[in-house]
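Morning, everyone. Let me walk you through one structure. Please have a look at it first.

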Amino acid sequence: MKRSLILMLVASLSVSLTGCSHRFGSGNTKAAEESSSETNDAQAAQATAKAATPSTTPQYVFRYGEVNGEDNIVTQTGHKFAEYVDQLSNGRIKIEIYPNHSLGDERTSLRDLRRGGRNIELYRGNTNALTGYGFKKLSLFGLPYIFESREGMWKVLEDEQLGQAFLSEGTEVGANMVGLFYTDEGARNIFSTRRIRNLNDLKGMKIRVPESVLMMDTFSALQARPLPLPYADVFEALKSGVIEGGENPVTAYQSNRLFESAPYYLLSGHVFSPGIVLMAEEKWNMLNEEDKNILLEAGRMASEWNRSAIEQEEAKIYQQLESEGVTVTRLSPEDMEKARNLEEIVRVSFTPGLEDYLARIIEIQK
């Protein structure tokens, strides 16, 4: 009689502990294994303990898009985020990283988030690309020469009334995206197929820019010919001569091997815009408060890791580029001041109604 009652308990637990994993688009159910008939009470008790062990199947699986390759620091930051989410959720939430624009370029990915995250749930974009999606305050971070330095940028990003408050702008303006955390991608500089020694050499050059009105205006102000192209097309466009150069942080320039066709790198520092990891609001709203806090805390930890690692990574990359024969040129102080003055018209045109925020950004960095 005792043995029969134990076996009935095992069967009951096996059914009740069946788990469910949400992969947004395809359901996944893992049934607990049914115990086999045992020959004595001790074996039946062992089966009961096995049936009571929680399933290791994640409750949620989120896809995270990234345009850069595996060796880029922003992709590594994504992996750190996934690692921290796994730890904090005890494996209940899994983040799958898709590098090399394998799930779509920047425009495709941002549109997908805005439509509810049908193909991806998370994407690491850049704040200078957000102007076409209703963002205004966050777009301030993509303005030319808005940040004096890396330290100045982080002071602003960590400010509760600016950087941290701006993360929620995507929900406020109806872009249907939730900002989780920022990444430091480094200053954006100009790479080219022929050497640029000063601003005069840049005049009329065909320079690829992201598909962003802000970035087009930034290079028009420098008297170049900006050509908006998807990032995936840059390598071939350089080889074919469609473009004569582009602009990127040195980490992306090196990891995507753009130096093979464009071995000149001009330290213009025209933009120091941070990256931002965004989540489709529809998927965010499906989470309870505990899980939302897990993603936010993991994001904070990943952002700290990124901040601590990037300077060393950049120093290593510049050494590698030197060994590859890349010519690195720094704009003279006179040309840098001239570039800042030329970009004043861009800063003015993108800040109507945001003057107080702009003043605060400048004040924080002093």
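Let's start with the contacts. Take those between residues at least 6 apart in sequence: 74% of them join residues at least 24 apart. Keep in mind that this is a predicted model. The protein has 366 residues, and 52% of them count as buried. On secondary structure, the count is 16 helices and 13 strands.

Now the interior. How many residues does the largest nonpolar core have? The count is 54. Those with the most contacts inside this core are Leu138, Phe141, Phe147, Tyr182, Phe191, Tyr253 and Ile361. Which helix gives the most to this core? That is α5, residues 150-157, with four residues. There is also a second core, separate from it, with 22 residues. Phe62, Ala82, Val178 and Trp284 are included there. As background, nonpolar side chains in soluble globular proteins tend to be buried together.

Two residues from the list, then. Start with Phe141. Where is it placed? In the loop between β5, residues 122-126, and α5. Is Phe141 buried or exposed? Its relative accessibility is 0%, so Phe141 counts as buried. Skip the residues up to four places away in sequence, and Phe141 still touches Thr127, Ile146, Phe147, Val156, Leu157, Gly163, Phe166, Tyr182, Ser273, Pro274 and Ile361. Look at Leu157 in that set. Phe141 and Leu157 are 16 residues apart along the chain, and their C-alpha atoms are separated by 9.2 Å.

Next, Tyr182. Again leave aside neighbours within four places in sequence. The contacts of Tyr182 include Leu138, Phe141, Trp154 and Leu157. They also include Gly163, Gln164, Phe166 and Leu167. Pro274, Gly275, Ile276 and Ser303 are in contact with Tyr182 too.

On to the rings. How many aromatic pairs does a search of the whole structure find? Eleven. One pair is Phe191 with Tyr253, and this pair is stacked. The rings are 5.4 Å centre to centre, with 25 degrees between the planes. The pair links distant parts of the chain. Phe191 sits in strand β7, residues 188-192, while Tyr253 sits in helix α11, residues 250-255. They are 62 residues apart. Both partners are inside: Phe191 counts as buried because its relative accessibility is 1%, and Tyr253 counts as buried because its value is 0%. There is a ring cluster as well. Ring pairs link Phe141, Phe147, Phe166, Tyr182 and Tyr357 into it.

Helix packing next. Consider α5 and α13, the latter being residues 289-323. Their axes come within 13 Å and cross at roughly 170 degrees. That angle is over 145, so α5 is roughly antiparallel to α13. Who meets whom? From α5, there are Arg150, Glu151 and Trp154. From α13, there are Ser303, Asn306, Arg307, Ile310, Glu311 and Glu314. What kinds of residues make up the contact of α5 with α13? Two are nonpolar, two polar and five charged.

Asn306 also turns up in the contacts of Thr77. Thr77 is found in helix α3, residues 73-88. With a relative accessible area of 0%, Thr77 is buried. Beyond its neighbours within four places in sequence, Thr77 is in contact with Phe181, Thr183, Ala302, Trp305 and Asn306.

Backbone now. Which residues other than glycine have a positive phi? Tyr145 is one of them, with phi near 55 degrees. Arg257 is another, at about 55 degrees. Tyr145 lies in the loop between β5 and α5. Arg257 has its place in the loop between α11 and β11, residues 264-271. What about burial? Tyr145 counts as buried, at 7% relative accessibility. Arg257 is partly exposed, with a relative accessible area of 37%.

Last stop, Ala224. Its place is in the loop between α9, residues 213-221, and β9, residues 225-228. At 8% relative accessibility, Ala224 counts as buried. Not counting residues up to four places away in sequence, Ala224 touches Leu202, Gly204, Met205, Ile207 and Phe219. The C-alpha atoms of Ala224 and Asp201 are separated by 9.2 Å, with their positions 23 residues apart along the chain given as the spacing.

That's my tour. Over to you.

Key. Residues numbered from 1 in each chain as written. Predicted model: local features only at pLDDT ≥ 70, side-chain atom pairs only at ≥ 80, totals over all residues. Heavy atoms only, no water. Core = buried A, V, L, I, M, F, W, Y, C linked by side-chain atoms within 4.5 Å. Buried < 20%, exposed > 50% of the residue type's maximum accessible area, 1.4 Å probe, protein only. Helix = DSSP H or I, 4+ residues; strand = E, 2+ residues; numbered from the N terminus. Contact = heavy atoms within 4.5 Å. Axes fitted to C-alpha atoms, helices over the stretch in contact; angles between N-to-C directions. Parallel < 35°, antiparallel > 145°, perpendicular 65-115°, else oblique. Nonpolar A, V, L, I, M, F, W, Y, C, P; charged D, E, K, R; others polar. Phe/Tyr/Trp six-rings, centres within 6.5 Å; stacked < 30°, edge-to-face > 60°.
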